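Biologist: Please put the chain on the screen, and let us ask of each label how it was earned.

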Amino acid sequence: MIAILLSALAMSVIVALRYLATSGGFAYWTARRFPQRLAGQRAQVRREIGWSLASAVIYGAPAGIVAWGWQQRGWTRIYSDVHAFPLWWLPLSVIAYLLAHDTWFYWTHRWMHRPVPFRVAHAVHHASRPPTAWAAMSFHPWEAVTGAVVIPLLVFLIPIHVGALGVVLAIMTLMGVTNHMGWEMFPRAIVHGKVGQWLITASHHELHHQRYRCNYGLYFRHWDRLCRTDSGLGQFAAAGRPRARNSGVGGGEPDASDVLGRIDGQRRGASRP
C-alpha cells in the first residue's frame, strides 16, 4: 500500500512540474511576443495556477497507481519491447489513443455545458476570460476527475509502447496549453488550409471560450462537424476585455465569473469554524 501511495504522490509531483514547466514556458513566450497579453491578469493567473495544481494531484494519483500496477503486476497493455507488436502499430496506437481521448473529451465537455454541470464545475474553467497558457488544467476537481480517468483506462484496453504513450502525453500537454494561450503559433497555411479544417488549434478553441456552446473538441474537429457544433475559427480578444453575459450559441449558460464567485464564496463559508 505504501508503494502505491508513493507512486501516486510521485506521479502527482511529475504532473505538477510538467504543468508549471510547459504552461510557464508558453506564458513566458506569450509575454515576450505580446507584452500586453497578460496585462491586468495577475489575479486570474494565480487562480488558474491554484486550480491547476489541484488538478495535477487528481491527474497524477490514478496515473501513479496504474504505473505501479504496470511495473509490479503487469496489469496494463503497455509494453516496452518495441518488437512485441508490428512497427506499424507504433504510430497507429498514438492515433487510436488521440481519437479515443478526443471522443471522450467532446462528449464529456459538451455535457459539462449543460446548466447544472456548468454551474457546479465547468464555470471554473470558463472564468478565465480570456484564457491564458496557465488555464490548460484550471478545472474544478469534479471536471478534473472526468479528464484524469481517460488514459489510465485506455492502457488497459489498447496496447501501446511506453515511448508511444509518452508521445500521446506530450501531445495532450502541448495541445492543452497552446490552445489556451491566446494567440496562434501555427502558420496561417495550416490553420486556414486543409489541415486546419480537421485539426484544432488556438483559433478554434478561442471561439469556444467566447461563445461557450460550440467547438467542444480537443484535438480534431470531426465530432464538432458531425454534430453541427463547429462554428469555425475565432478572433483573439484583448486581455481583460469583458465578455457578454450568456453569449453562448443558443444562450443558457450563466456568466462564468459570477458563478465562480458563488463557488468561491461557498468554499470560504464551508471553511469557517
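Biologist: In which loop is asparagine 215 found?

Modeller: In this predicted model, asparagine 215 is found in the loop between α9 (202-211) and α10 (222-226).

Biologist: What makes the phi of asparagine 215 worth a remark?

Modeller: Most residues other than glycine have a negative phi. Asparagine 215, although it is not a glycine, has a positive phi of about 55 degrees.

Biologist: How do you know that the peptide bond from arginine 129 to proline 130 is cis or trans?

Modeller: Omega is near -5 degrees for that bond, and the bond is cis; proline 130 itself is found in the loop between α4 (115-126) and α5 (141-148). Most peptide bonds, by contrast, are trans.

Biologist: Why is α1 called oblique to α2?

Modeller: The axes of α1 (residues 2-33) and α2 (residues 42-73) come within 6 Å and cross at roughly 140 degrees. Roughly antiparallel would require an angle over 145, and roughly perpendicular covers 65 to 115, so an angle in neither range, nor under 35, counts as oblique; therefore α1 is oblique to α2. The crossing is right-handed, and by class the contact has 18 nonpolar, 5 polar and 1 charged residues.

Biologist: What makes up the nonpolar patch on the surface?

Modeller: Ile2, Leu6, Leu9, Val13, Leu17, Leu20 and Leu53 form the patch, with about 660 Å² of accessible area together. Residues qualify with over 30% relative accessible area, and the largest share, 6 residues, comes from α1, the helix in which leucine 6 is found.

Key: Residues numbered from 1 in each chain as written. Predicted model: local features only at pLDDT ≥ 70, side-chain atom pairs only at ≥ 80, totals over all residues. Heavy atoms only, no water. Axes fitted to C-alpha atoms, helices over the stretch in contact; angles between N-to-C directions. Helix = DSSP H or I, 4+ residues; strand = E, 2+ residues; numbered from the N terminus. Left-handed = near helix turned anticlockwise from the far one by under 90°. Nonpolar A, V, L, I, M, F, W, Y, C, P; charged D, E, K, R; others polar. Patch = residues over 30% accessible without salt bridge, like charges linked within 9 Å, V, L, I, M, F, W, Y side chains within 5 Å. Areas by Shrake-Rupley, 256 points an atom, 1.4 Å probe, with all protein chains shown as cover. Salt bridge = Lys/Arg side-chain N within 4 Å of Asp/Glu carboxyl O.
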